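Work through the exercises below with the structure open. Each task is followed by a solution in steps.

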Amino acid sequence: MSFVKFENVDLAYAPGGALAIEDVSLDVREGEFVAVVGPSGCGKSTLMKLISGLRMPSGGYVYVDGRQVGGPLKIVGMAFQNANLLPWRTTLDNVMLPLEIVEPYRSTLKKERSRYEAEARQLLARVGLAGFEDKFPWELSGGMQQRASICRALIHQPRLLMLDEPFGALDAFTREELWCMLRDLWQLQPFTVILVTHDLREAVFLADTVYVMSKRPGRILVRREIELPRPRDLDVTYTDAFAGYVHELREHIGRVRAT
Amino acid sequence: MQPNLVKAAPWLVVAAMFLLWELICLGFDIPEFLLPAPSAVWKVGVEQFEPIMMHATQTFLTTLAGFAIAVVVGLLIGMAVGSSPLLYRAMYPLLVGFNSIPKVAFVPVLVVWFGIGTVPAILTAFLISFFPVVVNVATGLATLEPELEDVLRSLGASRLDILGKVGLPRAMPYFFASLKVAITLAFVGSVIAETVASNLGIGYLMMSASSSMNMPLVFAGLIVIGVMGVVMYELFALVEKRMTGWAHRNPNGAA
């Protein structure tokens with residue numbers, strides 16, 4: 001059974017205005033790692049807003065976990081290209097922010113603070129931020145901020161993680177490090193991931209399934225399953241099979257741009 | 001040497017100004033009823049120390065009362081206007097229009113309503129100083145990053161949650177910056193009202209001194225107001241630094 005399901009979804013930001021996405025249908029099963037790629041401005045971010053319930057579709061239906069989405073979902077974690085950490089909170093307090101909002105953590109936070117704090121520290125240690133818990137965001141490098149931002153998206157153990165070009169602003173080496181970090185987190189405790197990106201290597205390396213979207217109005221052009229064996233190592237990015245996938249997806253994007 | 005100079009610079013400038021002023025008065029032999037020399041002002045200040053202090057205390061407390069109301073009201077209006085685009089659009093022209101009215105023109109109205117005395121002075125101080133608080137708090141709230149709002153909203157945060165967890169802490173640097181401006185404006189307000197409609201306070205003291213051509217006393221009053229303004233400004237600058245150090249971080253401190 002599918003966990004996230006789109007049925008012929010349209011979205012226009014202004015009523016009667018131009019469509020941002022058009023006739024999108026897709027199926028994501030629980031625990032699947034999905035990447036959405038496409039030229040910039042193709043409505044990838046719109047997709048995320050629809051899934052998280054921040055936007056209602058103008059046409060068609062969005063289902064998450066078997067139910068039609070009618071408002072913000074609480075089983076979702078989000079991270080963006082900009083880490084958006086709060087500068088007046090320490091890294092640890094930034095990561096704990098969702099626990100102050102989402103039930104059942106919210107009402108038990110006072111009593112169980114030390115336990116939650118230990119969990120947050122453990123999560124930070126897992127992404128290589130041990131020893132930085134009490135630093136402020138501006139004392140961290142860009143890559144570290146992004147790690148913390150992903151920890152914040154995961155601390156309330158969401159069933160669905162949505163990432164909007166989370167590594168877009170990082171240098172190539174840091175980006176590959178963070179791919180591995182995300183891979184490890186996902187492999188340790190599977191959750192559903194929807195990753196919006198325009199980096200094809202990133203999509204192929206991380207995802208089970210890659211969707212290619214067209215220019216505005218965004219439509220799904222291709223759905224491609226990536227059948228590289230897991231766990232994947234960075235070395236896999238130098239294999240012919242990997243290059244083949246990237247090449248194939250690149251051609252679709254090229255066609256999108258040409259038309 | 002260099003840091004010491006930076007520290008001493010404001011005092012040197014003030015001293016230089018007084019010195020120049022004294023020299024001009026002496027050199028051109030300016031009569032005291034036009035422009036009294038600083039030495040004459042100082043003499044009057046020492047002679048009349050007690051009445052000056054009495055009026056200064058009155059002005060100071062009036063200003064603080066008006067300022068306190070301005071902070072509370074400004075914070076509330078700023079929060080309302082900053083967190084709702086509708087209210088922002090709806091209220092802004094009215095607020096700007098109101099702020100453009102010279103408050104001295106409003107004092108007679110207050111006198112009709114509340115009589116001569118402390119109340120119109122407190123209200124004038126409030127009216128003149130709440131606007132910067134409103135504008136700054138509203139700006140701080142309205143410029144919240146949309147992605148951050150999305151993160152919180154997707155967790156099911158209510159508007160109140162977003163305001164409390166992100167909006168207000170984020171607006172605090174703007175708020176504290178506005179306090180520095182507001183406190184100096186509050187002095188302007190209370191002194192204006194005292195000159196027009198009071199028999200207490202530095203404003204009244206200056207008014208009555210000028211009607212008897214006692215110019216040194218008028219200038220003593222001006223200087224007392226100036227000193228109080230500077231002291232309060234510095235106090236709130238210190239509070240600002242303490243409360244929102246994260247916004248004034250040293251750029252070289254980043255790792």
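**Exercise 1: a leucine in chain B**

L23(B) is exposed, with a relative accessible area of 51%. The model is a predicted one.

Task: Find the helix that holds L23(B), and give the C-alpha distance from L23(B) to A37(B).

Solution.
1. L23(B) belongs to helix α1 of chain B, which covers residues 2–27.
2. The cut-off for exposed is over 50% relative accessible area, and L23(B) has 51%.
3. Along the sequence, 14 residues separate L23(B) from A37(B); in space their C-alpha atoms are 8.4 Å apart.

**Exercise 2: two helices of chain B**

Task: Describe how α8(B) and α10(B) pack, giving the angle and the distance between their axes.

Solution.
1. Two packed helices are described by the angle between their axes and the distance between the axes.
2. For helix α8 (residues 159–197) and helix α10 (residues 215–243) of chain B, the angle is about 165 degrees and the axes are 9 Å apart.
3. This angle makes α8(B) roughly antiparallel to α10(B), since angles over 145 degrees count as such.
4. The crossing of α8(B) past α10(B) is right-handed.
5. On the α8(B) side, the contact residues include P173(B), F176(B), I183(B) and F187(B); on the α10(B) side, they include I225(B), M232(B), F236(B) and M243(B).
6. By type, the residues of the contact between α8(B) and α10(B) are 15 nonpolar, 2 polar and 2 charged.

**Exercise 3: a helix of chain A**

Task: Decide how far helix α1 of chain A is enclosed by the rest of the structure.

Solution.
1. Helix α1 of chain A consists of residues 44–52.
2. The buried residues in α1(A) are K44(A), T46(A), L47(A), M48(A), L50(A), I51(A) and S52(A).
3. Because 7 of its 9 residues are buried, the helix is largely enclosed by the rest of the structure.
4. G53(A), just after α1(A), has a positive phi of about 85 degrees.

**Exercise 4: an aspartate in a loop**

Task: Place D208(A) in chain A, and state whether D208(A) is buried or exposed.

Solution.
1. The UniProt entry, which is unreviewed, lists residues 4–240 of chain A as "domain: ABC transporter".
2. Over residues 4–240, chain A is 32% helix and 25% strand, with the end C-alpha atoms 32 Å apart.
3. D208(A) sits in the loop between α6 (200–206) and β9 (209–213) of chain A.
4. With a relative accessible area of 14%, D208(A) is buried.
5. Beyond its neighbours within four places in sequence, D208(A) contacts several residues, among them R29(A), E32(A), W186(A), R224(A) and R230(A).

Key
Residues are numbered from 1 along each chain as its sequence is written. Chains are lettered from A and ligands numbered from 1 in the order in which they are written. This is a predicted model: local features need pLDDT of at least 70, side-chain atom pairs count only at pLDDT 80 or more; totals for chains, interfaces and linings use all residues. Side-chain values use heavy atoms; hydrogens and water are left out. UniProt positions are given in the numbering used here, feature names are shortened, and annotations may be inferred rather than shown by experiment. Helices (H or I, at least four residues) and strands (E, at least two) are DSSP runs, numbered from the N terminus. Buried means under 20% relative accessible area, exposed over 50%, partly exposed in between (1.4 Å probe, protein chains only). Contact means heavy atoms within 4.5 Å. Axes are lines fitted to C-alpha atoms, for helices over the stretch in contact, and angles run from 0 to 180 degrees between N-to-C directions. Angles under 35 degrees count as roughly parallel, over 145 as roughly antiparallel, 65 to 115 as roughly perpendicular and the rest as oblique. A crossing is left-handed if the near helix is turned anticlockwise from the far one by less than a right angle, and right-handed if clockwise. Ala, Val, Leu, Ile, Met, Phe, Trp, Tyr, Cys and Pro count as nonpolar, Asp, Glu, Lys and Arg as charged, and the others, Gly among them, as polar.
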